[in-house]
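Please open the structure in a viewer and keep the sequence panel visible. The tour below proposes a series of selections and describes what each one shows.

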Amino acid sequence: MAYDREYPGRRSAAGSSRRDKYPAGNIHTTTRRSDRRTAPARGQNKNILAQVLSPVKNPVDYPFLIAVCLLVAFGLMMLFSAGSAKAFANYGDTLYYFKNQLVGAILGIAGMYFCSKIDYHSLRHWALILYVACGVLLVMVLIPGLGTTSGGATRWLFGFQPSEIAKFALILFVSVWVERNQQYMPSFMKGFMPCMIMLAIYVVLLIFEPHFSCIILMTLTVMLILFVGGAKIKHFFYIGLPGVLGAAVMILIEPYRMARVVSFMDPFADVQGSGWQIVQSLYAIGSGGLFGVGLGQSRQKFQSLPEPQNDFIFSVLAEELGLIGALVLIGLFIFLIYRGVKIASKAPDLFGTLLTAGIIGIIAFQAVINIAVVTSSVPVTGMPLPFFSYGSTALIITMCEIGVVLNVSRQCEKI
């Protein structure tokens with residue numbers, strides 16, 4: 001079995017262990033063969049561009065790329081349909097949401113292409129800087145006069161949400177830390193807790209916005225990276241109970257969150273009040289039947305369904321395209337996640353595996369939670385649907401993250 005991954009204990013075809021092949025020191029400080037080929041000699045002038053660009057010229061994973069393109073195109077089509085009524089009511093322009101999202105898609109595709117050309121190993125050097133910078137931006141959001149408040153939450157700074165960039169910053173920083181300190185991962189205090197502290201810093205800042213859905217996403221993603229990185233299962237139980245208690249306290253201290261939990265148990269008990277959102281969503285999904293009422297023919301999007309262009313866009317899709325359209329969407333996400341997992345499993349090193357797992361994980365968690373919310377499988381929370389929900393910042397950042405995954409795929413031997 002050829003050695004292509006940085007996992008301790010794996011053996012080569014000859015049966016020798018990783019320790020036998022790399023007898024000296026920490027396996028993660030060992031220079032990879034490809035690194036030795038491309039590293040400039042000492043004293044030689046370094047070409048910055050050559051260091052940043054990927055040294056491997058393999059093609060990207062085209063099935064993964066095609067799935068992404070289909071999701072972006074599908075998302076634009078559904079946003080045009082789902083958001084037209086709300087856009088006209090709010091801005092007098094049925095294309096308002098679509099035009100902004102189209103610009104975001106174009107910029108996102110450009111960002112995806114650029115990131116696919118950048119060697120993902122070079123991101124290690126920016127992990128700490130990006131983590132600190134996003135922390136500063138999250139603090140700036142809370143400064144009166146700087147942050148923009150909408151819907152009772154202060155999440156916007158100069159027209160974008162810093163929390164969207166913070167998601168990737170946290171994935172990158174935790175991935176770098178786990179890779180460099182994997183010998184400590186079996187330890188709760190030396191391996192697990194430092195990552196929890198990194199997460200807690202962002203969580204505290206997000207609580208003051210408040211942005212509960214982002215906290216859920218970050219927590220799940222960090223847990224996934226730690227699991228892939230070798231953390232012990234019992235460590236998750238150690239932190240799980242305090243986490244559940246903390247979530248319960250956050251729900252209890254906010255009446256609107258408590259109302260969502262109560263309405264989840266029986267949304268039809270208060271159709272005109274706390275159950276309004278989920279009841280309208282269920283009406284939309286139920287009206288779609290097998291084949292839907294037709295693209296653009298949704299009735300629930302006309303001032304009945306809350307946020308049809310955002311959190312509840314899946315409900316409009318199910319109403320207009322029916323069960324078949326919903327299954328097509330779910331199938332595309334499943335295929336995207338499947339290809340992402342394959343890329344992560346074939347990554348040339350642990351850093352590539354962790355980074356890919358974090359990016360694919362956060363997309364998967366968003367999709368699963370969004371669909372679960374609109375189908376009344378979990379209590380309502382403001383979780384957008386990746387590639388579909390309105391939000392240029394989120395789309396651009398997601399596409400750039402996809403570009404990073406594509407670069408990892410370029411450096412895989414075979415997928």
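pLDDT is the predictor's confidence in each residue, on a scale from 0 to 100. The model shown here is predicted, and the mean pLDDT of its chain is 83, with 85% of the residues reaching 70 or more.

**The whole chain**

Begin with the entire chain in a cartoon view, where 16 helices and 2 strands can be found. The chain has 415 residues, of which 48% count as buried. Switch next to a surface view: the accessible surface comes to about 19600 Å², and carbon and sulfur atoms account for 67% of that area. Among contacts between residues at least 6 apart in sequence, 74% join residues at least 24 apart.

Now colour by confidence and select residues 1-46. Across this stretch pLDDT stays under 50. The model has 59 contacts beyond four places in sequence for these residues.

**The nonpolar core**

Which residues touch the most other members of the largest nonpolar core? Select Leu226, Leu355, Phe387 and Phe388, which hold that position among the 97 residues of the core. Then select helix α15, residues 350-374, which supplies the largest share of this core with 13 residues.

Keep phenylalanine 387 in view and display its surroundings. Neighbours within four places in sequence aside, phenylalanine 387 is in contact with residues including Val68, Leu71, Val72 and Gly75. Phe333, Leu336 and Ile363 are also among its contacts, as are Leu395, Thr398, Met399 and Ile402.

**Two stops on helix α13**

Select helix α13, residues 276-288, and find serine 281 within it. Is serine 281 buried or exposed? Its relative accessibility is 0%, so serine 281 counts as buried. Beyond its neighbours within four places in sequence, serine 281 is in contact with Leu305, Phe312, Ser315 and Val374. Add threonine 375 to the selection: this residue and serine 281 are 94 residues apart along the chain, while their C-alpha atoms are separated by 7.3 Å.

Proceed to isoleucine 285, also placed in helix α13. Isoleucine 285 has a relative accessible area of 24% and is therefore partly exposed, since buried means under 20% and exposed over 50%. Outside its neighbours within four places in sequence, isoleucine 285 is in contact with Ser315, Ala318, Val374 and Thr375. A distance drawn from its C-alpha to that of alanine 326 reads 9.5 Å, for a pair 41 residues apart in sequence.

**A nonpolar patch on the surface**

Return to the surface view and select Leu290, Phe291, Leu323, Ile324, Leu327 and Val328. These residues form a nonpolar patch on the surface, and together they have about 570 Å² of accessible area. One of them, isoleucine 324, is found in helix α14, residues 313-346. Isoleucine 324 counts as partly exposed because its relative accessibility is 38%.

**Salt bridges**

How many salt bridges are counted? The count comes to 7, and three of the pairs are visited below.

Select lysine 86 and glutamate 307, whose side chains meet in a salt bridge with an N to O distance of 4.0 Å. Lysine 86 lies in helix α5 (residues 84-91) and glutamate 307 in the loop between α13 and α14, so this pair ties together parts that are 221 residues apart in sequence. Lysine 86 counts as buried at 17% relative accessibility, whereas glutamate 307 is partly exposed at 33%.

Next, select aspartate 93 and lysine 99. They form a salt bridge in which the closest N and O atoms are 2.8 Å apart. Aspartate 93 is partly exposed, with a relative accessible area of 23%, and lysine 99 also counts as partly exposed, at 40% relative accessibility.

Finally, select aspartate 349 and arginine 124, whose side chains meet in a salt bridge of 3.8 Å, N to O. This pair links distant parts of the chain, 225 residues apart: aspartate 349 is in the loop between α14 and α15, and arginine 124 is in the loop between α6 (96-117) and α7 (127-141). Both aspartate 349 and arginine 124 are buried. Add Glu179 to complete the view: salt bridges that share partners join Arg124, Glu179 and Asp349 into one network.

Technical notes
Residues numbered from 1 in each chain as written. Predicted model: local features only at pLDDT ≥ 70, side-chain atom pairs only at ≥ 80, totals over all residues. Heavy atoms only, no water. Core = buried A, V, L, I, M, F, W, Y, C linked by side-chain atoms within 4.5 Å. Buried < 20%, exposed > 50% of the residue type's maximum accessible area, 1.4 Å probe, protein only. Helix = DSSP H or I, 4+ residues; strand = E, 2+ residues; numbered from the N terminus. Contact = heavy atoms within 4.5 Å. Patch = residues over 30% accessible without salt bridge, like charges linked within 9 Å, V, L, I, M, F, W, Y side chains within 5 Å. Areas by Shrake-Rupley, 256 points an atom, 1.4 Å probe, with all protein chains shown as cover.
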